[in-house]
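Here are some exercises to work through with the coordinates open beside you. Try each task first, then compare your steps with the solution.

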Amino acid sequence: MRFVHTADWQLGMTRHFLAGDAQPRYSAARRDAVAGLGALAAETGAEFVVVAGDVFEDNQLAPEVISQSLEAMRTIGIPVYLLPGNHDPLDAASVYTSALFTAECPDNVVVLDTAGVHRVRPGLEIVAAPWRSKRPTTDLASAVLDGLPADGTIRVLVAHGGVDALDPDPNNPALIRLAALQDALDRGAIHYVALGDKHSRTQVGATGRIWYSGSPEPTNFDDIESDPGHVLVVDIDETDGAVSVDSRHVGRWRFLTLHRQLDTGRDVTDLDINLDQLPDKERTVVQLALTGSLSVTDRAALDVCLDRYSRLFAWVGTWKRHTHLVVVPADGEFSDLGIGGFAADAVEELVAAARADDTGAAEDAQAALALLLRLVDRGVA
């Protein structure tokens, strides 16, 4: 028996920094990743797909998001089991009970809207632990495992949330207890645990039977999501219950963090080369953590560089909390501009202000000097 384990589609997600057509392209890529599961299922011979929570970004969505999402699921062509998670719980405002979802839900899509056993076919069951609020007060997964028999039926637990072994928090009563999962696996009540909530592909424990699939497209930068962009193809031998997991990379977008020390013009040039060599710029989001000390000329060159790549990448910008660039006018940097009189005196005043301790005034003076260099074409435009 073979199926596809995925999670955290969060259809309808927006990223605040994506402007212009980048956000619609990102949204389309997330839907395409869903629709693409049809080809993967055909290739691998998968019987069904389980989505372990957070199918939608929220319960309050634009009608077109719901309709387009359901159409993408329809094209998969095999049964798709949706588990409500913390982003889209089965509360009073649930998207799953809305008139539009109910009217347009394809025949191959099944919402796991009750806790416990859902029969797939004789000898094969899904055990579901859906969220009914954004803040459960108990371990939902352990609750549905309680009393489950080991009777030879192949069972897949589909659950959502953090596991205590990875995210210990004594104040979170909803954490999934790894010991309860392993006990159910050991006694043969379940055979695989499909988890959602963590957006990076992650194996839990040492059994090889408990996995977070991660999100099929990244949702955050790689300093937070180290291994997104996957779905898992899971095989369970119906004779002896043996499990194998094959990870498939399906993501097309990348969210990168680049740390760079910039102290010279050469460093700025190297950063330019690094950005230039990155492929698929239209599907790449880059945050830069920049530290160092630059002359006004080199800072102006950096601004020109970033301005250029802002038009090529889906987004590129600085990570403010980790960017600490000091701009200090170099000796003689403004001595050969070919100006005199009041203008030269003004430049001297700006240089002095740019070197002062008053951060606000210094930044204003640095910006003015950088503009001056561009106006006189000092090789930074």
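**Exercise 1. Decide whether I154 is buried or exposed, and find what surrounds this residue.**

Solution. Keep in mind throughout that this is a predicted model.

Step 1: Start with the accessible area. I154 has a relative accessible area of 3%. Buried means under 20%, so I154 is buried.

Step 2: Place the residue. I154 belongs to strand β7.

Step 3: List the contacts, setting aside neighbours within four places in sequence. I154 then touches M1, G123, L124, E125, H191, I236, D237 and E238.

Step 4: Take one of these contacts, M1, and check the backbone. The C-alpha atoms of M1 and I154 are 9.2 Å apart, although 153 residues separate the two along the chain.

**Exercise 2. Work out the strand order of the open sheet and identify its edge strands.**

Solution.

Step 1: Write down the order. The sheet has 6 strands, arranged as β5-β6-β7-β8-β10-β9, with mixed pairing. As a reminder, strands of a sheet pair through backbone hydrogen bonds, either parallel or antiparallel.

Step 2: Look for strands that pair on one side only. These are β5 (116–121) and β9 (202–203), the edge strands.

Step 3: Examine the β5 edge. β5 pairs with β6 (residues 124–128) in the antiparallel sense, over 5 bridges. Within this pairing, R119 has E125 of β6 as its bridge partner. The hairpin of β5 and β6 leaves 2 residues between the strands, and G123 there takes a positive phi near 85 degrees.

Step 4: Turn to the β9 edge. β9 and β10 (residues 210–212) are antiparallel too, over 2 bridges. Here T202 stands opposite Y212 of β10.

Step 5: Add the helix. Helix α6 (residues 178–186) packs on the sheet, where it touches β7 (154–160), β8 (192–196) and β10. The directions of α6 and β10 make an angle of about 130 degrees.

Step 6: Return to Y212 for a side-chain detail. K198 lies over the face of the Y212 ring, 6.0 Å from the ring centre.

**Exercise 3. Classify the ring pairs F3–Y192 and F17–F255 by geometry.**

Solution.

Step 1: Get the total. The structure contains 14 aromatic pairs.

Step 2: Treat F3 and Y192. Their ring centres are 5.7 Å apart and their planes stand at 75 degrees. Planes over 60 degrees apart count as edge-to-face, so this pair is edge-to-face.

Step 3: Locate both partners. F3 sits in strand β1 (residues 2–6) and Y192 in strand β8, so the pair links parts of the chain 189 residues apart. Both F3 and Y192 are buried.

Step 4: Repeat for F17 and F255. With centres 6.2 Å apart and planes at 65 degrees, this pair is edge-to-face as well.

Step 5: Locate these two. F17 is in the loop between β1 and α1 (22–35), while F255 is in strand β13 (residues 254–261), so the pair ties together parts 238 residues apart in sequence. F17 and F255 are both buried.

Step 6: Follow the ring pairs outward. They link F17, Y26, F221, W253, F255 and W315 into a cluster.

**Exercise 4. How many disulfides are there, and how accessible are C105 and C305?**

Solution.

Step 1: Search the whole structure. The search finds 0 disulfides.

Step 2: Check C105. Its relative accessible area is 21%, so C105 is partly exposed.

Step 3: Check C305. Here the relative accessibility is 4%, so C305 counts as buried.

Definitions and conventions: Residues numbered from 1 in each chain as written. Predicted model: local features only at pLDDT ≥ 70, side-chain atom pairs only at ≥ 80, totals over all residues. Heavy atoms only, no water. Pairing = 2+ DSSP bridges. Helix = DSSP H or I, 4+ residues; strand = E, 2+ residues; numbered from the N terminus. Contact = heavy atoms within 4.5 Å. Axes fitted to C-alpha atoms, helices over the stretch in contact; angles between N-to-C directions. Phe/Tyr/Trp six-rings, centres within 6.5 Å; stacked < 30°, edge-to-face > 60°. Buried < 20%, exposed > 50% of the residue type's maximum accessible area, 1.4 Å probe, protein only. Lys NZ or Arg CZ within 6 Å of the ring centre and 35° of its normal. Disulfide = S-S within 2.5 Å.
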